[in-house]
Amino acid sequence: MSDQNVHRAGFTSSGITGGSLASSTMSHEAKESGGGVRSGGPTSTLQEMGAKDSTHSSGFTSSGISSGSRASEMMSQEARSHGGGTPGGGTTSTVQSISMGGKGGRQ
């Protein structure tokens, strides 16, 4: 289910769908970073996963983040760099939210 949610959000093997949640996320992230989308950020991570149908296999599931997965490693690294917690709107929370059918970390 999580890959379908990512595709519905507009992250597909053909690229980001215009007018979608994906394009809105990309636009927001680009504005925050001065015009570009950074590697490893929410947009690039979701686009990579959407293109490869790999969200679930990466550990972002409808039940949460799988222990010992790439997702758990991302969450741990992000938490360390933010003093112990994963920030709303960060890569981990955005990818997990969209994987579960949500709107990401920003509304």
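**Surroundings of T12 and the packing of helix α3**

The backbone oxygen of G15 is placed 2.7 Å from a polar atom of the T12 side chain in this structure, which is a predicted model. T12 itself belongs to strand β1, which spans residues 11-12, and its relative accessible area of 18% falls under the 20% cut-off, so T12 counts as buried. When neighbours within four places in sequence are left aside, the contacts of T12 are with H7, T17, Q47, G50 and A51.

Two of these contact partners of T12, Q47 and G50, also appear among the buried residues of helix α3, a helix that covers residues 42-52 and whose buried set consists of P42, T43, T45, L46, Q47, M49 and G50. Just after α3, the residue D53 adopts a positive phi of about 55 degrees.

Helix α3 also packs against helix α5 (residues 91-99), with the two axes 9 Å apart and an angle of about 40 degrees between them; α3 and α5 are therefore oblique to each other. The crossing in which α3 passes α5 is right-handed. On the α3 side the contact is formed by P42, T45, L46 and M49, and on the α5 side by T91, T94, V95 and I98. In character, the residues of this contact comprise five nonpolar and three polar ones, with no charged residue taking part. The α3 residues of this contact, P42, T45, L46 and M49, are likewise listed among the buried residues of that helix. In general, an α-helix has 3.6 residues a turn, so residues three or four places apart point the same way.

Methods:
Residues numbered from 1 in each chain as written. Predicted model: local features only at pLDDT ≥ 70, side-chain atom pairs only at ≥ 80, totals over all residues. Heavy atoms only, no water. Buried < 20%, exposed > 50% of the residue type's maximum accessible area, 1.4 Å probe, protein only. Helix = DSSP H or I, 4+ residues; strand = E, 2+ residues; numbered from the N terminus. Axes fitted to C-alpha atoms, helices over the stretch in contact; angles between N-to-C directions. Parallel < 35°, antiparallel > 145°, perpendicular 65-115°, else oblique. Left-handed = near helix turned anticlockwise from the far one by under 90°. Contact = heavy atoms within 4.5 Å. Nonpolar A, V, L, I, M, F, W, Y, C, P; charged D, E, K, R; others polar. Polar contact = N/O pair within 3.5 Å; in protein donor to acceptor, adjacent residues only side chain to side chain.
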